[in-house]
Structure formats: structure tokens, C-alpha cells
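Q: Could you zoom in on the salt bridges here and talk me through them, pair by pair? I'd also like to see the strands and the loop around that topic.

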Amino acid sequence: TLFRSPEFNLSTEINIPLMYLKNYPVGMRCADGDVWLKCGIKGKISSPLAECNISGEGVNIEQFRIGNFSGDIVYDNGDIQIANFKVDNYGNKITINASGGIKNQIKIIGNVKIDRLELAELLKNLGVNSIVMLDIKGIVDFNFYIDPEKGVIVDTKPVLSLIGPKIFPNYFFLPNRGEPVFYLKSANLSGDVSITEKGVSLKSVDINTDKSSVRVRNSFIGFLGDGYMDLRAVSDNMDFSDITPIAGLDIRGVSHLNAILKGPFPSLKISGDVDARGFMFENFYGGTVRVSVEFFKNHLSFRNINGRVNEMSYSGDVILDMNGAPDIEVNAAIKEAQARSIVSLLPPSAKITGVKKGIVSLSVNLKGAVNSLSGNVKSVVSDLDIQGEKISRIESSLSFENGEILLNKLLVNLYEGSLDARGSLTKGGDINLKLDIKGVRLEDSEFIKSLPVKF
């Protein structure tokens with residue numbers, strides 16, 4: 001006789017208080033919340049049909065804070081459908097719709113609608129600290145499967161709108177996290193991303209704002225240990241107004257950019273090469289400039305600076321130590337530049353008028369706290385015409401030490417006569433000055449002639 005598979009029709013409703021998982025037989029250290037399962041199962045034993053609703057409230061398992069969830073799952077002879085599965089991860093809200101098979105190989109294809117997801121909060125709820133804050137909305141198409149060797153793999157194609165990332169010098173939820181060293185205000189993201197138990201592989205990601213575009217290729221963000229990042233970004237058109245301030249500094253301009261973010265989250269190194277035009281650093285205009293930038297352990301460095309404004313070129317290095325009170329080290333040089341070009345770089349508060357011509361060479365070597373620099377500034381100016389005064393040559397040398405300014409040398413050679421000055425300015429504001437004037441005829445000075453007092 002032929003055996004016929006019996007048919008059945010069952011329904012069940014189960015409530016699981018997760019606190020019992022902390023006891024026998026599972027022995028979890030942390031398990032809180034409730035899970036409800038309502039199922040209707042019918043059909044043949046060889047090909048059952050199960051229609052279930054699963055929901056949870058306040059679910060926390062070990063280090064994973066999951067929150068609330070609810071959705072429908074249908075199993076039909078090895079095929080599975082997930083419909084309108086909503087997760088509220090303590091404010092991070094997503095909805096999942098998917099279908100696939102679990103009979104021969106577990107493989108599920110679907111999408112995730114993200115109503116609100118904040119990356120630092122999500123990672124914290126999953127037991128991972130992060131220095132990155134990122135608000136995400138949008139749609140992520142995904143392909144979920146289990147590889148015999150690699151384990152769980154989720155290949156995704158996200159189309160997202162972003163606020164951030166904000167990258168901090170310390171973990172986001174620590175009270176001493178500091179101010180962000182990098183902040184992308186808003187952008188759109190699309191790409192090809194793969195997620196495993198170990199981390200996120202950014203195979204190909206494009207980030208666009210109204211002004212900028214950035215390409216991320218072959219990068220990785222790791223979940224294990226303290227978290228790890230190896231991210232490489234390239235831009236042919238990066239507008240610094242999209243990401244300023246950088247480490248608290250107002251930086252402007254449009255640039256070609258090659259950047260690398262690499263290392264464990266607690267000691268992430270950000271480095272890159274910048275080729276910018278219309279460059280502004282705080283209130284100083286830098287024209288076109290090439291520079292290598294690095295941020296590591298609260299040290300921000302601008303090395304191998306080579307810039308040009310009109311006919312003037314300049315070079316140097318700037319290093320900022322932002323551990324505690326900020327320290328700065330500046331080594332810079334300008335060689336035989338037009339005086340008018342230098343004047344055009346000065347901020348409005350330091351503008352000098354009446355400069356018609358002149359050739360300037362300048363070297364700056366300063367180091368220390370911003371309000372207590374040490375080092376020296378030397379300059380040579382030749383063939384200067386300012387306010388109608390014609391000056392053959394000016395040589396100057398200033399030293400800075402413990403808040404005191406020393407005028408080591410100021411030699412002004414006029415076309416007739418010279419001035420030689422030495423002196424100092426103390427912390428208390430006392431001025432000591434020795435001035436030696438030789439052969440200068442005041443009546444020939446255009447400045448003196450303009451005064452209302454006659455000599």
C-alpha cells in the first residue's frame with residue numbers, strides 16, 4: 001500500500017520571558033525582555049506551511065541591546081518570506097522585507113528601509129565602541145547567505161542620505177571625547193558593501209554633496225576588539241566648506257584629495273595629500289597649495305607645504321599638538337616675493353596700505369603654546385615703496401622666548417641714510433629700544449611732509 005503523508009493544522013502562542021535564559025540550561029549573564037511567538041502550521045509533514053508573527057519588547061541578550069521588534073514570517077516548504085518586520089533599537093528604526101530559501105542553502109534577498117539609524121548608538125547597543133557618529137536614512141538592498149568557511153555574509157547595495165560622519169578623537173560616548181576632528185555635514189551615499197561577523201567591507205562607495213564628490217574603494221571597518229578602520233577615499237572635487245572645521249580649524253577651498261583613515265578606533269590615524277585652490281586657513285589666504293596632512297593621537301600636522309599666491313611662492317610645515325592646551329610648531333619660508341602679494345594674504349585686522357612695490361624674503365621658526373611661542377622670525381625687504389617712502393633694504397630679526405620679544409636686529413637702509421634698532425618687549429609690556437639714525441634727512445620724507453606739523 002502507498003503511504004500518504006498525514007495532514008495537520010496546528011496553532012500555538014508562546015511567551016518567552018528571557019530572564020529565564022540566565023538560568024539552566026543556557027546560563028547567560030544578561031537576558032532581559034519578552035518574546036512572543038504566534039504560529040499557525042498546516043499541510044503535510046513533508047511540505048508544511050507555517051505563518052508566524054514574532055515580536056519582542058525590551059530584548060537584551062548578553063552585550064546586544066536589541067530593543068523592540070515585530071513582524072510576520074511565512075515558511076512554505078523551504079521558502080521563507082519576511083514581511084514588514086520592524087525593529088526599534090532604542091531609537092534606531094528599520095523595517096525589513098525579504099524572501100528566500102533555507103532548505104538546501106540559507107539565502108535571503110530583500111531590503112531594509114532605514115527611518116533613523118545613528119551608527120555610534122547602534123554599535124554601542126551591539127557592544128562595540130565607536131569614535132564615529134553618523135545619522136543614516138534610506139534603503140539598503142541586501143543578499144544574506146551563509147558561507148561554509150566565512151560564516152554569515154550580507155552583501156548590500158545602499159542608497160542613503162547621511163548627516164556625518166563626525167569623527168572624534170575618543171569614543172563618542174565618553175565624557176572626554178572632545179570636539180570632532182572631521183565632520184561631513186550632509187551627503188548622499190550609494191555603493192557596494194559587504195558585512196560579515198568581522199566587519200564591513202566597503203568595496204565601492206560614492207559619497208556626494210551639492211559641492212563635493214568622494215570615492216571610497218576597497219576599505220574595511222572591523223568590529224573585533226576595539227574596532228578597526230582601513231578606509232581609503234579619493235576626491236577630484238572636495239570642497240572644504242562641506243567638512244570644516246577640521247580639528248577646530250576653519251579651512252576653505254576646493255581640492256583634489258587622497259585620504260587614508262587607518263588603525264584601531266582609540267588611535268585612528270587620518271592622513272592624506274591635498275592639492276587645493278582658493279585655499280583659506282583660518283583668516284589667511286593661501287592661494288593654490290599642495291600639502292600632506294596627518295591627524296594622529298591629537299597631533300595635527302601639515303607637512304611639505306608648497307603654495308603659490310599670484311607671483312609669490314611659500315613652503316613649510318605646521319604641527320599642532322592638541323593634547324591639553326594647544327601647542328604649535330611652525331617652520332615656513334617665503335623667498336623673493338612681491339610685497340603686494342604678501343600684503344594680500346593678511347587678514348583684515350592686519351592690512352597694510354600704500355605698498356607699491358618691494359621684494360620680500362621671510363623665514364619663520366616658532367614653537368610652543370600659542371600665547372607663549374619661542375623661536376625666531378627673520379626677514380629681508382629690498383626696493384620697498386610704501387606710502388611714498390622709498391627704502392633700499394630692510395633686514396630684521398625677532399626672537400621670542402618665554403613671552404618676551406627680542407628685536408635682535410632692525411636695519412633700514414634708505415637711499416640716503418640708515419636706521420639701526422635693537423630692543424625688547426617684556427611680558428609686563430615694558431619696551432626697551434635703542435635707535436641709531438645716520439644721515440636721514442626728515443625734510444625729504446614724504447610721510448613727514450604729509451604731517452600737519454612743519455619741520
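A: A salt bridge here is a side-chain nitrogen of Lys or Arg within 4 Å of a carboxyl oxygen of Asp or Glu. With that cut-off, Arg 116, Glu 121 and Asp 135 are linked in a network of such bridges, and a search of the whole structure turns up 14. Bear in mind that this is a predicted model, where local features need pLDDT of at least 70, side-chain atom pairs count only at pLDDT 80 or more, and totals for chains, interfaces and linings use all residues. Numbering runs from 1 along each chain as its sequence is written, and side-chain values use heavy atoms, with hydrogens and water left out.

Let's start with Lys 157 and Asp 192, whose side chains meet in a salt bridge at 3.8 Å, N to O. Lys 157 sits in strand E9 (residues 151–167) and Asp 192 in strand E11 (residues 187–196), so this pair ties together parts that are 35 residues apart in sequence. Strands (E, at least two residues) and helices (H or I, at least four) are DSSP runs numbered from the N terminus. As for cover, Asp 192 is partly exposed at 25% relative accessible area; that label spans the middle ground between buried (under 20%) and exposed (over 50%), with a 1.4 Å probe and protein chains only.

Next up is Asp 230, bridged to Arg 232 with the closest N and O atoms 3.4 Å apart. Asp 230 counts as buried because its relative accessible area is 19%, while Arg 232, at 34%, is partly exposed.

Then there's Asp 385 with Lys 390, where the side chains meet at 3.7 Å, N to O. The acid is tucked away: Asp 385 has 8% relative accessibility, so it is buried. Lys 390 has 51%, so it counts as exposed.

Now for the strands. Met 229 belongs to strand E14 (residues 228–239) and is buried because its relative accessibility is 4%. Leaving out residues up to four places away in sequence, Met 229 touches Val 132, Phe 220, Ile 221, Leu 261, Lys 262, Gly 263, Phe 265 and Leu 268; a contact means heavy atoms within 4.5 Å. Met 229 and Leu 268 are 39 residues apart in sequence, yet their C-alpha atoms are 7.5 Å apart.

Val 254 is in strand E15 (residues 251–264). With the same sequence neighbours left out, Val 254 touches Asn 237, Met 238, Asp 239, Asp 275, Ala 276 and Arg 277. Its C-alpha atom is 9.5 Å from that of Thr 288, 34 residues along the chain.

One loop is worth a look for its backbone. Most residues other than glycine have a negative phi. Lys 297 has a positive phi, near 50°, and Asn 298 has one of about 65°. Lys 297 lies in the loop between strand E17 (284–296) and strand E18 (299–309), and Asn 298 is found there too. Lys 297 is exposed, since its relative accessible area is 55%.

Stepping back, the protein has three helices and 26 strands. Buried residues make up 34% of its 455 residues. Among contacts between residues at least 6 apart in sequence, 39% join residues at least 24 apart.
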